[in-house]
Amino acid sequence: MERKKFVSLMVRYGFYALVIYFFVWSFQKNYFSYLFKETETFVLLTRQHLELVAVSSLLAIAVALPSAVLVTRPRFRQTEWIFTNLANLGQTIPVLAVLALMISILGLGFKTAVFALFIYSVLPIFRNTVAGLNSIDDRLIDAAKGMGMKPHQILFRVELPNAAYSIMAGIRTAIVINVGTAAFAFLIGGGGLGVWIFTGIRLFDNSALLSGAVPVTLLAILADYLLRLLEYVVVPKGTRPSANA
Amino acid sequence: MITFDHVTKIYEGDVKAVDDVAFTVEKGDICVLLGPSGCGKTTLLRMVNRLESITEGEIRINGKSNRDLDTIELRRSIGYVIQSNGLFPNMTIEENVTVVPSLLGWDRKKKRERYHTLMELVGLDPAEYRKRYPHELSGGQQQRVGVARALAADPPVMLMDEPFGALDPITRERLQDEFIQIQREVKKTILFVSHDIDEAIKMGNKIVLMRDGKIMQHDTPSEILVHPKNEFVSRFVGKDRAIKNLSLHTVEDLQKEIGLGDINETIQDTKTVNIHQDLRNTLSTLMNQEAEQVIVTDDHGEKLGTVTIDHVQRYLHLEIREKAPVSTEG
């Protein structure tokens with residue numbers, strides 16, 4: 001046990017050291033110059049990036065949650081495979097293919113980018129919500145019915161609260177991945193921090209590249225942290241996994 | 001009062017889970033549905049609050065068919081206890097206990113008062129457990145909360161589906177004893193599913209022994225033990241039915257019938273039993289201690305006399321072999 005602890009601590013501090021070294025190194029080489037030279041552009045790109053993530057994620061939640069609830073209702077049980085396959089399909093098609101396809105319909109720009117990101121976010125949310133709802137002990141539902149709860153009361157008072165941990169994990173995964181994927185929006189004129197990343201790649205300009213890539217990474221970490229906080233608020237105390245350990 | 005009027009349940013594919021069952025549970029009685037697994041006892045229970053539909057026949061609660069009532073109203077007016085895991089993990093103990101009152105729209109103060117009363121009834125400290133969650137409680141405590149929850153809206157009728165089935169033997173016995181005490185206070189009409197003959201004898205005023213969806217025998221526990229109607233019943237009851245029957249009688253019964261022995265001061269190393277102890281446990285004390293006699297005491301510890309194996313044997317012959325049927329009252 002002691003040994004395990006020691007190794008995990010070493011790995012963690014080694015990682016921190018690398019990150020600090022990276023920042024020191026990149027600052028010395030003046031790789032973040034864009035952030036200071038073109039602060040206005042940076043703010044604009046970050047705002048675009050956040051908009052892309054926010055709109056597509058909210059849409060994905062709005063679609064995935066209700067459909068997951070729908071397919072877990074007894075009446076629609078048989079349709080679960082259709083939805084699961086649809087969501088899987090969305091995940092399998094390469095980003096560029098989705099973009100190419102949608103450009104012909106929605107044209108270039110923000111809308112297409114949002115659509116592509118939305119397609120990618122639906123699956124993890126949908127699948128985790130279905131898994132969370134399916135993992136609820138049948139006897140719990142039975143007890144709820146036996147107490148005289150109506151179907152919507154069973155859903156909101158028993159099923160969703162008990163699946164909350166799983167649902168939140170799905171949302172968190174989707175959004176964190178989304179923050180990274182949103183960099184591709186540049187390719188179809190969707191804006192965002194991808195603009196600097198791809199410019200940097202093409203011009204072999206480390207400065208531009210890192211001024212885009214590092215903020216994206218930090219955004220992803222920040223999103224993860226904030227969503228964990230939200231998780232703490234949303235998931236009922238009695239159903240957290242640590243509670244059952 | 002619950003009346004089963006020729007109730008039949010047929011599942012798809014012509015499987016008769018319950019076959020023309022007719023009997024009545026009197027008000028204030030505990031009726032135990034007993035039988036091997038798959039005999040239809042749980043299905044029968046779940047038909048009362050319509051978790052299962054009724055194919056044919058009718059179930060009446062206090063004279064009213066349960067089909068005439070709205071399903072939701074019906075279920076809220078019936079207490080329902082299942083084997084462990086029935087508590088909602090996302091809710092605190094207080095929220096769990098007051099689920100039905102919440103559904104019925106009681107105000108906060110009334111709910112809190114009810115919570116206190118119920119927790120005290122089932123022997124848990126209301127303040128200590130209010131903000132706790134089910135997973136923080138032991139199996140026995142969870143099941144007490146389950147009983148409290150079923151009693152929350154003071155339903156006249158309760159359905160209990162192997163409520164103590166998942167507990168260890170010691171906890172189970174304690175909860176059974178406590179529940180009998182609770183029942184003396186609340187006097188509900190209870191339908192109780194069990195597969196355990198000992199539990200059925202202990203808990204039931206009446207036992208309905210089932211097999212393949214049919215009633216094999218519907219009688220008092222002692223009738224079933226003394227006069228099993230057919231081969232199946234006597235096999236289910238077991239060869240030790242005479243001994244099982246002893247658990248329905250107390251030392252006090254024995255004293256009334258044949259009196260106690262004198263206290264022989266020269267015999268050392270004797271055990272004492274309370275006069276209200278049942279004869280089955282008394283007998284096993286006698287056997288396990290290899291003592292020739294046990295001293296019987298009353299509730300104040302006063303020595304009343306002694307019991308030997310011989311006494312028990314004589315009582316068994318007199319009471320169970322010859323005087324049967326025996327009333328189970330008292």
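This is a dialogue on how to read a predicted model of two protein chains, A and B.

Me: Where do I start with chain A, and how many helices and strands does it have?

Reply: Start with the secondary structure. Chain A has 10 helices and 0 strands. Written along the sequence, the pattern is α-α-α-α-α-α-α-α-α-α.

Me: What are the dimensions of chain A, and what share of its residues counts as buried?

Reply: Take the box first, then the burial. Along the principal axes, the C-alpha atoms of chain A fill a box of roughly 70 × 60 × 30 Å. Of its 245 residues, 45% count as buried.

Me: How much of the contact in chain A is between residues 24 or more positions apart?

Reply: Here one looks at how far apart the partners are in the sequence. Among contacts in chain A with a separation of 6 or more, 75% are between residues 24 or more positions apart.

Me: Which domains is chain A divided into, and how far apart are their C-alpha centres?

Reply: Read the bounds, then the distance. Domain 1 of chain A covers 1-30 and domain 2 covers 33-244. Their C-alpha centres lie 29 Å apart.

Me: What do those two domains of chain A bury between them?

Reply: An interface can be read by its area, its residues and its polar pairs. Domain 1 and domain 2 of chain A bury about 380 Å² between them, with 77% of that on carbon and sulfur atoms. On the domain 1 side, Phe22(A), Phe23(A) and Asn30(A) supply 73% of the area buried against domain 2, more than any other three residues. The contact joins 6 residues of domain 1 of chain A to 5 residues of domain 2 of chain A. Between these two domains of chain A there are 0 salt bridges, and 2 residue pairs are in polar contact. The side of domain 1 of chain A that touches domain 2 has 4 nonpolar, 2 polar and no charged residues.

Me: How do I read a single helix, and which residues of helix 9 of chain A are buried?

Reply: List the buried residues, then ask what covers them. In helix 9 of chain A, residues 194-203, the buried ones are Gly194(A), Trp196(A), Ile197(A), Phe198(A) and Gly200(A). Their cover includes helix 2 (33-37), helix 3 (39-71) and helix 10 (206-234) of chain A. After helix 9 comes Phe204(A), with a positive phi near 50°.

Me: Now the two chains together. How many residues does each give to the contact?

Reply: Count both sides, then turn to the area. Chain B gives 25 residues and chain A gives 23 residues. Together the chains bury about 2,100 Å², 61% of it on carbon and sulfur atoms. Phe88(B), Asn90(B) and His135(B) supply 25% of the area that chain B buries against chain A, more than any other three residues.

Me: Which side chains form a salt bridge across that interface?

Reply: Look for opposite charges that meet. There is 1 salt bridge between chain B and chain A. Asp142(A) and Arg46(B) form it through their side chains, at 2.6 Å from N to O. The interface also has 7 residue pairs in polar contact. On the chain B side, the elements giving two or more residues are helix 2 (71-76), strand 6 (78-82) and helix 4 (99-103). Helix 4 of chain B gives the most, with 4 residues. By class, the chain B side divides into 13 nonpolar, 8 polar and 4 charged residues.

Me: Which domains is chain B divided into?

Reply: The reading is done as before. Domain 1 of chain B is 2-238 and domain 2 is 249-323. Their C-alpha centres lie 35 Å apart.

Me: Is Asn96(B) buried or exposed?

Reply: Compare its relative accessibility with the cut-off for buried, which is under 20%. Asn96(B) counts as buried because its relative accessibility is 0%. Asn96(B) lies in helix 3 of chain B, residues 93-97. Beyond its neighbours within four places in sequence, Asn96(B) is in contact with Leu87(B), Phe88(B), Met91(B), Pro134(B) and Arg149(B).

Me: Why does Thr308(B) count as buried?

Reply: The reasoning is again by cut-off. Thr308(B) counts as buried because its relative accessibility is 19%, and the cut-off is under 20%. Thr308(B) sits in the loop between strand 13 (303-307) and helix 15 (309-322) of chain B. Not counting residues up to four places away in sequence, Thr308(B) touches Leu286(B), Glu292(B) and Gln293(B). Thr308(B) and Gln255(B) are 53 residues apart along the chain, and 12 Å separates their C-alpha atoms.

Methods
Residues numbered from 1 in each chain as written. Chains lettered and ligands numbered in written order. Predicted model: local features only at pLDDT ≥ 70, side-chain atom pairs only at ≥ 80, totals over all residues. Heavy atoms only, no water. Contact = heavy atoms within 4.5 Å. Buried area = accessible area lost by both parts, 1.4 Å probe. Salt bridge = Lys/Arg side-chain N within 4 Å of Asp/Glu carboxyl O. Polar contact = N/O pair within 3.5 Å; in protein donor to acceptor, adjacent residues only side chain to side chain. Nonpolar A, V, L, I, M, F, W, Y, C, P; charged D, E, K, R; others polar. Domains from an automatic or database assignment. Buried < 20%, exposed > 50% of the residue type's maximum accessible area, 1.4 Å probe, protein only.
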